[in-house]
Each structure stands twice: as structure tokens, then as C-alpha cells.
Amino acid sequence: MKKFVGLLALATVVSAFAFTSRPASADFTVCSQYREIIYVAYGYYDGSDYLSEGWWSVDPGQCTVVYQGPLPQRFMYLYGENDDASTVWVGTQPFCIEPNNGFTIYGNYGCSVNFIEIDTGNTSDWTHTLTP
């Protein structure tokens, strides 16, 4: 019986180490329920200015990490469009984008593309699904 208890204790220690040694995932992930590829950009207020970045492609029925690491702010912003921009996912917060190239843009003065506001509730990671 001691041998069994010893093995059980060893298994418990190994299991505890295995579960606590893995880094926690903390990302901003976008999923798609749309029938076409969606190109997405995200934004947030960094405490002194607005920042927007893009583009990431999200395949139909799939998810893509667009911001890796703990979320920088409670409110994240998201914009999406299909290939010819005939379908868009918009909100009310203006950000700037570069329509034809990848981008990182600081500031939103004079910007006219409205991103969806997402209240993440101060979590370190968030998944948002775009639906038709």
C-alpha cells in the first residue's frame, strides 16, 4: 500500500508541475462565421493616443490571433471587411487604416473608418466572433 501511495503522490506532484509550468494564453482572437475570408484590423487607446494595426485574414469557420499577449486595454476595437469590401463589420469609433497594405498607425485625427468597440471587462484575453 505504501508503494501505491508513494506512486500516487509522485503522480500528483508531476501533474501539478505539468499544469503550473505552462504559460497562460492571453491573446485577442478573432473568429469568423462568414462564408468568405475576412480581413481584420484592431485598435486601442494606449493611454496617450489611439493605435490601429492591420491586416489579418480570418478564414471561414476559423480563428486568428490578431494581438498576442495580455490585452493592453479594457476596450479593444475591431474592423473587418471581405475581399472587395462589399461586406464590412463597423462600429462608431474612428480609426485610420491603410486599405492596401499592412499598417501600424498612431492617432485617429481625421480618420473615418469606424471600428466596433469591444468591452473585454479587463480580461487578459478575448475572443470575438464576426457573424454574417
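Leaving aside its neighbours within four places in sequence, which residues is Gln93 in contact with? Keep that question in mind. I'll answer it in a moment.

One caution before we start. This is a predicted model.

Let's begin with the whole chain. It has 132 residues, and 36% of them count as buried. The secondary structure comes to 1 helix and 10 strands. Read along the sequence, the pattern is α-β-β-β-β-β-β-β-β-β-β. So much for the order of the elements. Now the contacts. Take those with a separation of 6 or more: 69% of them are between residues 24 or more positions apart. And the surface? The accessible surface comes to about 8,100 Å². Carbon and sulfur atoms hold 54% of that.

Back to Gln93. You'll find Gln93 in strand E7. Its relative accessibility is 17%, so Gln93 counts as buried, because the cut-off is under 20%. Here are its contacts, with the sequence neighbours within four places left out: Tyr50, Tyr77, Asn108, Val113, Asn114 and Phe115. That answers the opening question.

Hold on to three of those names: Tyr50, Tyr77 and Phe115. They come back in the next part.

Next, the aromatic rings. How many aromatic pairs does a search of the whole structure find? The search finds 13. I'll show you two.

Pair one is Tyr44 with Tyr67, and this pair is edge-to-face. The ring centres are 6.2 Å apart, with 80 degrees between the planes. Where do these two sit? Tyr44 is in strand E2, residues 38-45, and Tyr67 is in strand E4, residues 63-68. They are 23 residues apart, so the pair links distant parts of the chain. Both tyrosines are buried.

Pair two is Phe95 with Phe115, and this pair is tilted. Centre to centre, the value is 4.6 Å, and the planes are 40 degrees apart. Phe95 belongs to strand E7, residues 93-95. Phe115 belongs to strand E9, residues 113-119. Again the pair links distant parts of the chain, here 20 residues apart. Are these rings buried or exposed? Phe95 has 0% relative accessibility, so it counts as buried. Phe115 also has 0%, so Phe115 counts as buried too.

Phe95 and Phe115 also belong to one aromatic cluster. The other members are Tyr45, Tyr50, Trp55, Tyr77, Tyr79 and Phe103. Notice Tyr50, Tyr77 and Phe115 in that cluster. Those are contacts of Gln93.

Last topic: charge. The search of the whole structure finds 2 salt bridges.

In one, the side chains of Arg35 and Glu36 meet, at 4.0 Å from N to O. Arg35 counts as exposed because its relative accessibility is 64%. Glu36 has a relative accessible area of 29%, so Glu36 is partly exposed.

In the other, the side chains of Arg74 and Asp119 meet, at 2.7 Å from N to O. What does this pair tie together? Arg74 lies in the loop between E4 and strand E5, and Asp119 lies in strand E9, so the pair ties together parts that are 45 residues apart in sequence. At 34% relative accessibility, Arg74 counts as partly exposed. Asp119 has a relative accessible area of 34%, and it is partly exposed as well.

To close, look at strand E9 once more. It holds Phe115, from the tilted pair. It also holds Asp119, from the salt bridge with Arg74. Find both on the structure. Thank you.

Terms used: Residues are numbered from 1 along each chain as its sequence is written. This is a predicted model: local features need pLDDT of at least 70, side-chain atom pairs count only at pLDDT 80 or more; totals for chains, interfaces and linings use all residues. Side-chain values use heavy atoms; hydrogens and water are left out. Rings of Phe, Tyr and Trp (its six-membered ring) pair if their centres lie within 6.5 Å; planes under 30 degrees apart count as stacked, over 60 as edge-to-face and the rest as tilted. Helices (H or I, at least four residues) and strands (E, at least two) are DSSP runs, numbered from the N terminus. Buried means under 20% relative accessible area, exposed over 50%, partly exposed in between (1.4 Å probe, protein chains only). Contact means heavy atoms within 4.5 Å. Accessible areas come from the Shrake-Rupley method with a 1.4 Å probe; for residues, only the protein chains shown count as cover.
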